[in-house]
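Could you walk me through this structure in plain language? I'd like to know what to look at and where to look.

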Amino acid sequence: MVGGVVTSVAAGDPDGFRRRLDAVRERIAACTDRPEEVTIVAVTKGFDVSAVELAASAGLRDVGENYAEEMVAKATLAGACPVNWHYLGAIQRNKIPRLVPHVDCWQSVSRHVEGQAIARRSPGARVLVQVDTLDREDRGGCPVRDVPELVSRLADEDLDVAGLMTVGPPGPPELGRPGFAAVAYLADRLDLAVRSMGMSDDFEVAVQEGSTMVRLGRVLFGDRPSPAGPGRDGAAP
Ligand SMILES: *Cc1c(COP(=O)(O)O)cnc(C)c1O
């Protein structure tokens with residue numbers, strides 16, 4: 001399907017999927033007193049639509065994608081699945097019109113112009129502000145010091161700013177802890193309920209630091225066949 005890199009995974013193995021999901025839930029429960037407040041977003045990028053169906057049939061209600069065309073294709077095919085679609089990728093303004101009919105939550109708004117472009121096509125849309133906790137401009141995200149102003153300007157655009165999102169650094173999970181703590185603190189101060197932090201390799205540290213939303217691909221579905229194959233249209237994951 002899209003870009004020729006999407007592979008059928010776990011489709012034939014719902015029991016294996018449920019086992020992995022249960023294991024993830026146990027690991028989350030070991031990190032917080034309120035595991036029921038941690039939403040799992042199943043990140044299906046790189047896998048075909050059967051991954052979405054698998055997640056939905058196991059009771060997950062949120063799926064995430066990074067690449068516009070891949071999301072549109074899967075959301076169209078999985079139209080009957082009762083899931084919310086989270087867009088996690090770089091926001092390219094020319095892709096917004098195609099995405100609008102499918103996206104329930106824009107997780108990676110880093111700049112005011114991106115929010116404006118979303119608001120124009122989708123008034124009242126639910127967004128998260130991506131926070132750059134790594135000080136690496138290549139990875140996207142708003143610098144910590146600019147987050148309060150961006151949140152208020154996005155709210156002025158009539159967007160539903162539900163929370164903050166961040167991506168931890170590569171390397172040992174502990175390296176992400178200070179950034180996760182900073183994002184949780186900032187979300188508290190700004191009275192934002194959602195803290196989307198933690199991926200397969202670092203979700204436990206993120207939950208310990210107050211994540212309310214983990215975005216999990218590999219730990220649920222196995223390794224992606226080709227993380228950055230040809231034909232993709234987004235930024236690097
Ligand atoms: C790919 C991706 C994920 C999921 O990554 P895994 O390591 O497979 O869990 C989560 N968040 C973002 C922003 C991603 O790009």
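The shell of residues around the ligand is a mix: five are nonpolar, three polar and four charged. This is a predicted model, by the way, so keep that in mind as you look around. In total, 12 residues surround the ligand, and the closest are K45, N66, S200, R218 and R224.

Now zoom in on some individual contacts. Start with S200: an N or O atom in the side chain of S200 sits 2.5 Å from an oxygen atom of the ligand. Then find R224, which has a polar side-chain atom 2.8 Å from an oxygen atom of the ligand. R215 reaches a nitrogen atom instead: a polar side-chain atom of R215 lies 2.8 Å from that ligand atom. And how much of the ligand does the protein cover? On its own the ligand has 390 Å² of accessible area, and the protein covers 96% of that.

Next, turn to helix α7, which takes in residues 177-189. Its 13 residues, at 1.5 Å a residue, should span 18 Å, and the C-alpha atoms at the two ends are indeed 18 Å apart, so expectation and model agree.

Which residues of α7 are buried? They are G179, F180, V183, A184, L186 and A187. These buried residues cover an arc of only 165 degrees around the axis, which means they sit on the same side of α7. There is a simple rule behind this kind of pattern: an α-helix has 3.6 residues a turn, so residues three or four places apart point the same way. Swing the view round to the face turned away from the buried side of α7, and you'll meet the exposed residues P178, Y185, D188 and R189.

Follow the chain out of α7 and you come to the loop between α7 and β8 (194-196), where D191 is found. D191 isn't a glycine, yet its phi is positive, at about 60 degrees. Is D191 buried or exposed? Its relative accessibility is 70%, and since anything over 50% counts as exposed, D191 is exposed.

There's another residue of this kind to look up, D158. You'll find D158 in the loop between α6 (147-156) and β7 (160-166). D158 is a residue other than glycine with a positive phi, near 70 degrees. With a relative accessible area of 52%, D158 is exposed.

Definitions and conventions: Residues are numbered from 1 along each chain as its sequence is written. This is a predicted model: local features need pLDDT of at least 70, side-chain atom pairs count only at pLDDT 80 or more; totals for chains, interfaces and linings use all residues. Side-chain values use heavy atoms; hydrogens and water are left out. A residue is near a molecule or strand if one of its heavy atoms lies within 4 Å of it. A polar contact is a pair of N or O atoms within 3.5 Å; within protein, one must be able to donate a hydrogen and the other to accept it, and residues adjacent in sequence count only if both atoms are side-chain atoms. Accessible areas come from the Shrake-Rupley method with a 1.4 Å probe; for residues, only the protein chains shown count as cover. Ala, Val, Leu, Ile, Met, Phe, Trp, Tyr, Cys and Pro count as nonpolar, Asp, Glu, Lys and Arg as charged, and the others, Gly among them, as polar. Helices (H or I, at least four residues) and strands (E, at least two) are DSSP runs, numbered from the N terminus. The expected span of a helix is 1.5 Å times one less than its number of residues. Buried means under 20% relative accessible area, exposed over 50%, partly exposed in between (1.4 Å probe, protein chains only). The arc is that of the directions from the helix axis to the C-beta atoms.
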